[in-house]
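Biologist: Please pick one part of this model and take a close look at it. Then work outward from there, in short steps.

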Amino acid sequence: MTQRSFPLNAWYVAAWNYEVKKGAMLARTICEKPLVFYRKADGTAVVMDDACWHRLAPLSKGRLAGDNVVCPYHGLVYEPGGRCVHMPSQETINPSAAVRTYPLVERHRYLWIWMGDPALADVDLVPDLHWNDDPEWTGDGTLIELKANYLLGIDNLMDLTHETFVHDGSIGNDAVAEAPFSVTHGERSARVTRWILNQDPPPFWGAQLGVPGPVDRWQIINFLAPSSVALDVGVAVAGTGAPGGNRSQGVNGYIVNSITPATETTSHYFWSANRNFKLGDMSLTTAWRNAVAGIFKQDEDILELQQEAIARNPDKEFYDLNIDAGGMWARRKVSEMIDAETAGLRRVG
Ligand code: FES
Ligand SMILES: [Fe+2]
């Protein structure tokens with residue numbers, strides 16, 4: 001059996017908070033598990049396996065009765081904790097009749113799910129993506145159903161050299177591909193820092209700054225294992241001290257990405273584009289979201305072509321270049337998490 005590419009003992013973004021509503025069920029596969037989400041009358045979100053204990057019919061095709069779920073096939077009723085509380089034509093309910101539920105946390109406009117050992121689901125381990133709801137920032141985003149493994153998406157974000165080739169004409173120009181970068185890492189994180197000094201800005205950033213002339217541009221890529229990447233990006237008037245920390249003559253964005261494995265070849269790619277200037281300008285929020293959506297569509301296209309090519313060449317390996325250093329660290333952090341889980345299983349079994 002080939003090893004799965006994702007750890008289970010981790011918080012993954014399951015949904016935007018607005019996607020899970022009272023009185024409606026949302027079916028979504030995460031880490032190869034079909035799940036059903038809904039909200040109780042008090043607003044608390046619930047998730048359980050989307051397969052009835054009795055004959056595995058998908059509960060998401062059934063209906064809600066108050067806070068309970070009714071199976072569409074023979075009418076077994078489950079309470080939000082996953083326990084069966086009603087069976088047709090029988091008084092006694094089998095004590096084992098239950099479906100699995102999972103820890104859920106609502107934070108930074110997302111619902112986060114823990115697919116592994118619930119005893120390890122520490123809420124302090126939810127990745128910090130506060131730009132999504134910090135009052136000093138504003139922005140919006142969406143969800144891409146990506147037909148590619150989540151690590152291909154992480155690779156893509158960890159190396160922004162591809163901007164020159166995939167995003168030419170918006171955020172890409174030759175200066176990006178030629179600028180040096182440095183890579184650092186922590187226990188569950190990796191960071192790629194790239195400064196492009198005293199160059200003309202690409203069209204998108206030139207328009208945001210609104211000041212003609214050369215800029216100092218930064219791309220600081222923050223990977224939070226296993227599947228989130230916060231991109232600290234911006235430009236400042238050249239020579240005004242941005243590399244030393246003075247960004248007052250610049251504009252700053254945080255592009256927040258979380259790519260949740262659905263299967264080994266598909267992912268739920270959540271993203272938002274946030275900025276810390278002109279906070280009240282809703283049309284600018286829409287313009288940013290549209291600009292990033294256009295850019296990410298280009299990424300989606302190349303990632304899906306890459307996934308198809310991988311499927312056609314199952315015996316071929318990847319080769320690594322200097323530009324892959326950040327992605328290699330990200331993959332190493334993910335491997336360490338998977339290895340820790342497998343080692344734990346070996347000890348128990
Ligand atoms: S399959 Fe759900 S009640 Fe029979
Ligand atoms: Fe890209």
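Modeller: The close look starts at the metal site and then moves outward along the chain.

This is a predicted model, so local features need pLDDT of at least 70 and side-chain atom pairs count only at pLDDT 80 or more, while totals for chains, interfaces and linings use all residues. Residues are numbered from 1 along each chain as written, chains are lettered from A and ligands numbered from 1 in written order, and side-chain values use heavy atoms, without hydrogens or water.

Which atoms hold the iron ion (ligand 2)? The donors are NE2 of His162, NE2 of His167 and two OD atoms of Asp299. Their distances to the iron ion run from 2.1 to 2.4 Å. (Donors are N, O and S atoms within 2.8 Å of the metal, or 3.2 Å for Na, K and Ca; water is absent, so sites may look incomplete.) The angles among the four donor atoms span 57 to 143°, and the site is irregular. (Tetrahedral needs all four-donor angles between 85 and 135 degrees; square planar for four and octahedral for six need opposite donors over 155 degrees apart and all others between 65 and 115; anything else is irregular.)

Along the chain, the donors of the iron ion (ligand 2) follow the spacing H-x4-H-x131-D. Histidine 162 sits in the loop between α1 (150-158) and α2, whereas aspartate 299 belongs to helix α5 (residues 282-312). The two therefore tie together parts that are 137 residues apart in sequence. (Helices are DSSP runs of H or I with at least four residues, strands are runs of E with at least two, numbered from the N terminus.) Histidine 162 is buried, at 11% relative accessibility. Aspartate 299 is buried too, with a relative accessible area of 3%. (Buried is under 20%, exposed over 50%, partly exposed in between, with a 1.4 Å probe and protein chains only.)

Now take helix α2, which covers residues 163-166. Glutamate 163 in α2 forms a salt bridge with arginine 217. Their closest N and O atoms are 3.2 Å apart. (A salt bridge is a Lys or Arg side-chain nitrogen within 4 Å of an Asp or Glu carboxyl oxygen.) Arginine 217 lies in strand β14 (residues 215-224), 54 residues from glutamate 163, so the pair links distant parts of the chain. Arginine 217 and glutamate 163 are both buried.

After β14 comes a backbone feature. Alanine 225 and proline 226 are joined by a cis peptide bond, with omega at about 5°. Proline 226 is in the loop between β14 and β15 (228-237).

Back to charged pairs. How many salt bridges does the whole structure contain? The search finds twelve. Among them, arginine 39 pairs with glutamate 106, with the closest N and O atoms 3.0 Å apart. Arginine 39 is in strand β3 (residues 33-39) and glutamate 106 in strand β9 (residues 104-107). The two are 67 residues apart, and their pair links distant parts of the chain. Arginine 39 is buried at 12% relative accessible area, whereas glutamate 106 is partly exposed at 42%. Glutamate 79 pairs with arginine 83, where the closest N and O atoms are 4.0 Å apart. Glutamate 79 is buried, at 18%. A network of salt bridges links Arg109, Asp140 and Arg289.

Strand β9 leads to a sheet. Three strands form an open antiparallel sheet, in the order β1-β10-β9. β1 (11-16) and β9 are the edge strands; each has a single partner, so one side of each has no neighbour in the sheet. β1 and strand β10 (residues 110-114) run antiparallel and are joined by five bridges. (Strands pair when DSSP finds at least two bridges between them.) Tryptophan 16 has tyrosine 110 in β10 as its bridge partner.

UniProt, in an unreviewed entry, places the feature "domain: Rieske" at residues 11-113. (UniProt positions use the numbering here, feature names are shortened, and annotations may be inferred rather than shown by experiment.) Residues 11-113 are 0% helix and 41% strand, and the end C-alpha atoms are 5 Å apart.

Two loop residues finish the tour. Cysteine 31 is not a glycine, but its phi is positive, near 50°. Cysteine 31 is in the loop between β2 (26-30) and β3 and is buried at 6% relative accessible area. Serine 89 also has a positive phi, about 60°, although it is not a glycine. Serine 89 lies in the loop between β8 (84-86) and β9. Is serine 89 buried or exposed? Serine 89 is exposed, at 82% relative accessibility.
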